[in-house]
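Visitor: Hi, I have just opened this one and could use a walk through it. Can we look at it together?

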Amino acid sequence: MLTTKDWAKIEAEYALDFEIPPGQPQVPDALAAVLYEKSDPVRSFLAHYTRLIFGAGKVLEIDHSKLDEYETMLEVACHAENALMLTLSAVALKTAIQDVRDRHKYEAPFLARRLYEWLAMADYKVRNSDILYERTPEEAAEFDELYEKFKNDAELTEEKLRYYKGEIDEWQTKSHLAN
């Protein structure tokens, strides 16, 4: 029997068959990994909110404005150059955040189940070794260097986050993919 993660892999491969409009920004995997790691607290928040909905049996009001920062980091991480599992995990968490924003569209049991499924897909803890699966030792060393640079330099990471967010927004607008 296929697990949620197996289905995610199959759906990702299927999604790759669709033609993506040209010019899609490619975020360096090291930056995407750092942004994904920085967004980890949102996972706990979403899990807690899911448990509350399930327990209460109704959709609960929350201030979702605190999710904006995480949503931006995850949106940029979704465009990693060559890190499929990282991309899938980022997409799952980003979609869960969108579902929290759109919570009034759903009945409580459906929303709780939907959030749980997104969290299960994003449960894959992306590690550097997963990102470096098919890379040469030189590429792995370059990734490690860049990863440490982004991880230790908050200003550089924030600068690149804003840059790639702008690139992604522009690409989505040009390709009519904007939400």
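Guide: We can go from the overall fold to the core, then to one pair of helices and a single residue, bearing in mind that this is a predicted model.

Visitor: Okay, what secondary structure does the chain have, helices or strands?

Guide: The chain comes to nine helices and zero strands, and reading along the sequence gives the pattern α-α-α-α-α-α-α-α-α.

Visitor: And how much of the chain is buried?

Guide: Of the 179 residues in the chain, 40% are buried, while the surface that the chain exposes comes to about 10,900 Å², with carbon and sulfur atoms supplying 53% of that area.

Visitor: What about contacts between residues far along the sequence, what share do they make up?

Guide: If you take the contacts between residues at least 6 apart in sequence, 76% of them join residues that are at least 24 apart.

Visitor: Let's switch to the inside. Which residues touch the most other members of the largest nonpolar core?

Guide: Those are Leu46 and Leu93, in a core of 43 residues. Helices that give two or more residues to this core include H2 (29-38), H5 (84-101) and H6 (108-122), and the largest share, eight residues, comes from H6. As a general background, nonpolar side chains in soluble globular proteins tend to be buried together.

Visitor: So what is Leu93 in contact with?

Guide: Setting aside the neighbours within four places in sequence, Leu93 is in contact with Tyr36, Val42, Arg43, Leu46, Leu74, Leu119 and Ala122.

Visitor: How do H2 and H5 pack?

Guide: Their axes are 11 Å apart and the helices pack at an angle of about 40°, with H2 passing H5 in a left-handed crossing.

Visitor: Which residues meet there?

Guide: From H2 come Ala32, Ala33 and Tyr36, and they meet Leu86, Ser89, Ala90 and Leu93 from H5. By type, the residues of this contact divide into six nonpolar, one polar and no charged.

Visitor: New topic: where does Arg113 lie?

Guide: Arg113 lies in helix H6.

Visitor: And why does Arg113 count as partly exposed?

Guide: Arg113 counts as partly exposed because its relative accessibility is 45%, and that value falls between the cut-offs of 20% for buried and 50% for exposed.

Visitor: Last one, how many residues apart in sequence are Arg113 and Thr50?

Guide: Arg113 and Thr50 are 63 residues apart in sequence, and in space they are 8.1 Å apart, C-alpha to C-alpha.

Notes: Residues numbered from 1 in each chain as written. Predicted model: local features only at pLDDT ≥ 70, side-chain atom pairs only at ≥ 80, totals over all residues. Heavy atoms only, no water. Helix = DSSP H or I, 4+ residues; strand = E, 2+ residues; numbered from the N terminus. Buried < 20%, exposed > 50% of the residue type's maximum accessible area, 1.4 Å probe, protein only. Contact = heavy atoms within 4.5 Å. Areas by Shrake-Rupley, 256 points an atom, 1.4 Å probe, with all protein chains shown as cover. Core = buried A, V, L, I, M, F, W, Y, C linked by side-chain atoms within 4.5 Å. Axes fitted to C-alpha atoms, helices over the stretch in contact; angles between N-to-C directions. Left-handed = near helix turned anticlockwise from the far one by under 90°. Nonpolar A, V, L, I, M, F, W, Y, C, P; charged D, E, K, R; others polar.
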